[in-house]
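Q: Please examine one part of this model closely, namely its nonpolar residues, and describe how they are arranged at the surface and in the interior.

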Amino acid sequence: MPFRFVGKATPKSIPLTPVSAATLPAWRKAADARTARWIGESEFSAAPGATCFLPDADGGLERVLFGVEEQEVPGGGLWDLAPLPAVLPKGRYYLEAELSPEAATSAATGWALAHYRFDTFKEKTVFKAELVWPDGADQDEVRRLAEATGLARDLINRPANDLGPEELADAASDLAKSYKAKIEIIEGEALLAENFPMIHAVGRAADRAPRLIDIRWGKKSHPKVTIVGKGVIFDSGGLDIKPAAGMLMMKKDMGGSAHALGLAKLVMDAELPVRLRVLVPAVENAISGNAFRPMDILPSRKGLTVEVGNTDAEGRLVLADALTEADSEKPEMILDFATLTGAARVALGTDLPALFCNDDALAADLLEGGLETRDALWRLPLHKPYREMLKSPNADLSSTGSGGYGGAITAALFLEHFVSSETRWAHVDVMAWNLKSRPGRPEGGEVMGIRAFYKMLRKRYG
């Protein structure tokens, strides 16, 4: 996506001045009478996202006031500049604010993210305004964050007829090639030969073969960090078929894999000193004569048998095999992302991902990173007594368990069976979708939490 940054201001560059409801009266009082009158007649109140275009004496554009939330240094918030690219006329602009390097980087990131549009199948959106890089902004970091976000959003937004397991594997291969990473893809019946039976079971009914994508990058001497992402490219619900309304957005059910690849891009681009592995089970949950069924008992890579409670709870099955493989190398941490349960959305809404973690220090770093990057997470408990719900009279585990409560927790507890207690593990149950457009966050596919995870990794290994 275009970022529309330039290096230097010119004499004709136009200032962008951030004001809040608290600071506007003083700014207006210090302005000349013509400007003060214009602000009043425009009924500009400095509400966040509002703009006021101030003309010069000749009718040209002299300055743009834009409203921001109350903050210590206006203009440095992540989304402060995000409303502007869509409304500014052609020209070169600069941010009139003294910001710390961190705030300048944050503001510039919001400007960059505001240029994202998924227009692969429609006329391209053209942005006309250019922003002079804010003083002190880390240009590489801004580009890195914007590109990783764009990659993940694009993958989530692509319709399932354009993005199947093969195309998701192709996208992962392109990413691996860009950073000279190694990639292995296990496909179709080979999943059985390589002992990934639940990935195969979920994906076998589709006419597009299931896959396990496996990326490795970094020096073997560095600490191992493994990222796992759910890659269900479309979820019909299987034989427990979803109603039409429930199926409408199910192209986003591979959102976990998009998060995993986006975070991997950040790690590799920043050259963090880690031994990175990325595992993505890529399947379509379809319906045909060989689809897996409710109450089937499936073997797993771990050796545990799993009784299928509902074929629409397929994500945890493919993740279980991938997590088992991730855990086999005893990495320092496993980080997994999945659009796993509606229960997490009921508990926390669509904007706030549910974090489950078996290590308090890791969870604290992730929560802190979320607050620092405006990418908040909310921790839910791995409540051990609920493990009782996952008991089955016929197998080692039930995939869905009994009762209709605590669905996000029981799903996380199911996954926990496939990670050893000695391995630090964080699981994020994420919406991966914006239900409405906001500045910098258009309706459609969204990445949630990866800035928090990236911040944690930089803090620990940067």
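A: In this predicted model, Leu239, Ile241 and Ile287 together make a nonpolar surface patch of about 260 Å². One of these residues, Ile241, sits in the loop that runs between β10 (231-235) and α8 (244-247). Ile241 counts as exposed because its relative accessibility is 51%, and the term exposed requires a value over 50%.

The interior may be considered next. The largest nonpolar core has 61 residues, and those that touch the most other members are Leu168, Leu263, Leu276, Leu335, Phe453 and Leu457. Helix α9 (residues 255-269) supplies the largest share of this core, with 8 residues. Apart from this core lies another one of 44 residues, which include Ala201, Leu380, Ala411 and Phe418.

Leu335 allows a closer view of the largest core, being among the members with the most such contacts. When neighbours within four places in sequence are set aside, Leu335 is in contact with Val225, Thr226, Ile227 and Val228, and also with Leu263, Ala426, Phe453, Met456 and Leu457.

A residue in another loop completes the description. Arg387 is found between β16 (378-379) and β17 (397-398). Arg387 counts as partly exposed because its relative accessibility is 30%, a value that falls in between the limits of 20% for buried and 50% for exposed. Beyond its neighbours within four places in sequence, Arg387 is in contact with Leu413, Glu416 and His417. Arg387 and Leu413 are 26 residues apart along the chain, yet 6.5 Å separates their C-alpha atoms.

Key
Residues numbered from 1 in each chain as written. Predicted model: local features only at pLDDT ≥ 70, side-chain atom pairs only at ≥ 80, totals over all residues. Heavy atoms only, no water. Patch = residues over 30% accessible without salt bridge, like charges linked within 9 Å, V, L, I, M, F, W, Y side chains within 5 Å. Areas by Shrake-Rupley, 256 points an atom, 1.4 Å probe, with all protein chains shown as cover. Salt bridge = Lys/Arg side-chain N within 4 Å of Asp/Glu carboxyl O. Helix = DSSP H or I, 4+ residues; strand = E, 2+ residues; numbered from the N terminus. Buried < 20%, exposed > 50% of the residue type's maximum accessible area, 1.4 Å probe, protein only. Core = buried A, V, L, I, M, F, W, Y, C linked by side-chain atoms within 4.5 Å. Contact = heavy atoms within 4.5 Å.
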